[in-house]
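Biologist: I should like to understand how this protein chain is put together. May I put some questions to you with the structure in view?

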Amino acid sequence: MSEPLVLGIETSCDETAVGIVRGRTLLANVIASSVEEHARFGGVVPEIASRAHLEAMQPTIKKALADAKVSLNDIDAIAVTAGPGLVGALLVGVGSAAGLAIALDKPIYAVNHLAAHVSVDYLTHAQEIEPTIALLVSGGHSSLLQVNDITSSVVKLGQTIDDAAGEAFDKIARVMKLGFPGGPAIDAIAKEGNATAIDFPRGLTTSNDWQTRPYDFSFSGLKTAVARYLESVPDYVRSDVAASFQESIVDVLMLKALAACKESGIDSLVIAGGVAANSRLRAVAALRCEKAGITLRIPAPGLCTDNGAMVASLGALMAAAGREPSPVAFDADSSLPVTVVSLS
């Protein structure tokens, strides 16, 4: 199948998402989010997310098919997020996808949520850039990867050892009473602030860190430093705190990513995941990559957060590459390693 028609289902967290692609052409991308149901708790509640997926699954699939102007019988393959994620939420998607695969007698690809975030880039760029360095930054993950082949070979170079970038945004936004999710709120306020007003720490960037764990991330210390600053300075300027905090995260992410490019000799960088929608990260990445001679690719903001298009995209790439489909009976894996692109 050179241009397979693939339906992808994503339910790893609080979005019930269904995407449909034909080869590398996006036909539909429908998202039903339960984020408002979680907002009053300051974070995602797994049981609420699972119930919301159950309620939204059928309407979301029907809307995606209508948007794509295709029927279920037209679909060549099904793709679904098998992990990592919230296990209850994953099971709703896995069960739905397996049911479709059996009913339609179509192959199913149980794919890695993190690899899918990177693969969505293939929907918007025709030029191949493999191998590439990938900076994956989302609510629960901050990782540096070397992607030799998105369908079969992803090598982990480094990852967060505590809070991921997205978690840090959410936690500081909570302390500053900005609501949930915190990333978009801090991004908006930071545009009015001075990014150099407060010298917040850059985690794992000492000379010893560069020697022992050059591609790992740590944002827990930054989170603590910001919280202490807010406690000790009652009349703080909220926009300056947001801008300085955001700058620290962006600076560390780009320092590590460009170091990985330089050390590996790979002159391309893909930034993916929910935090890739952050306006400051996108701006700094563009400037620094241009200066370093690195080809930068970042998906459109709407394709950075969890979505079904990214899952369908990875499924389509695997089908086109002739990769073996997954067995219909497989288990969701809440801690699926990023190096496992799909279950077989």
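Biologist: Over the ring of which residue does the charged end of Lys-256 sit?

Modeller: Please bear in mind that this is a predicted model. A charge counts as sitting over a ring if the NZ of Lys is within 6 Å of the ring centre and within 35 degrees of the ring normal. The charged end of Lys-256 lies 4.8 Å from the centre of such a ring, and that ring belongs to Trp-210.

Biologist: In what order do the strands of the open sheet follow one another?

Modeller: Strands of a sheet pair through backbone hydrogen bonds, either parallel or antiparallel. In this open sheet of 5 strands the pairing is mixed. The twist from one strand to the next averages 25°. The order is β8-β7-β6-β9-β10.

Biologist: Which are the edge strands?

Modeller: An edge strand here pairs on one side only. That description fits residues 153–159 and residues 295–297. The edge strands are therefore β8 and β10.

Biologist: Which residue in β10 stands opposite Leu-269?

Modeller: Strand β9 covers residues 268–272. It pairs with β10 in the parallel sense, over 3 bridges. Opposite Leu-269, in β10, stands Leu-296.

Biologist: Which helix lies across β6, β7, β8 and β9?

Modeller: The helix in question spans residues 238–264. It runs at about 160° to β6. This helix is α9.

Biologist: Which element gives the most to the largest nonpolar core?

Modeller: The largest nonpolar core has 48 residues, and Leu-135, Phe-245 and Met-254 are among those with the most contacts inside it. Several elements, including β6, α5, α8 and β9, each supply at least two residues. With 13 residues, the element that gives the most is α9.

Biologist: Which residues does Ile-249 touch, leaving aside those up to four places away in sequence?

Modeller: Ile-249 is one of the residues with the most contacts inside the largest nonpolar core. Contact here means heavy atoms within 4.5 Å. Not counting residues up to four places away in sequence, Ile-249 touches Ala-165, Ala-168, Phe-169, Phe-219 and Leu-222.

Biologist: Why is the pair of Phe-200 and Tyr-229 called edge-to-face?

Modeller: Phe-200 lies in the loop between α6 and α7, whereas Tyr-229 belongs to helix α8, 29 residues apart. Phe-200 is buried at 4% relative accessibility, while Tyr-229 is partly exposed at 24%. Planes over 60 degrees apart count as edge-to-face. The ring centres are 5.8 Å apart, and the pair is edge-to-face because the planes stand at 90°.

Biologist: What is the angle between the planes of Phe-217 and Phe-219?

Modeller: Phe-217 is buried at 0% relative accessibility, and Phe-219 is buried at 2%. Their rings form an aromatic pair, 6.1 Å centre to centre. The pair is stacked, and the angle between the planes is 15°.

Biologist: Is Phe-330 buried or exposed?

Modeller: Phe-330 is placed in the segment after α11. Its C-alpha atom is separated by 8.5 Å from that of Ala-82, although the two residues are 248 residues apart along the chain. Among the residues that Phe-330 touches are Val-80, Ala-82, Val-94 and Leu-343. Because its relative accessibility is 12%, and the limit is under 20%, Phe-330 counts as buried.

Notes. Residues are numbered from 1 along each chain as its sequence is written. This is a predicted model: local features need pLDDT of at least 70, side-chain atom pairs count only at pLDDT 80 or more; totals for chains, interfaces and linings use all residues. Side-chain values use heavy atoms; hydrogens and water are left out. Two strands pair if DSSP finds at least two bridges between them. Helices (H or I, at least four residues) and strands (E, at least two) are DSSP runs, numbered from the N terminus. Axes are lines fitted to C-alpha atoms, for helices over the stretch in contact, and angles run from 0 to 180 degrees between N-to-C directions. Rings of Phe, Tyr and Trp (its six-membered ring) pair if their centres lie within 6.5 Å; planes under 30 degrees apart count as stacked, over 60 as edge-to-face and the rest as tilted. Buried means under 20% relative accessible area, exposed over 50%, partly exposed in between (1.4 Å probe, protein chains only). A nonpolar core is a set of buried Ala, Val, Leu, Ile, Met, Phe, Trp, Tyr and Cys residues joined through side-chain atoms within 4.5 Å.
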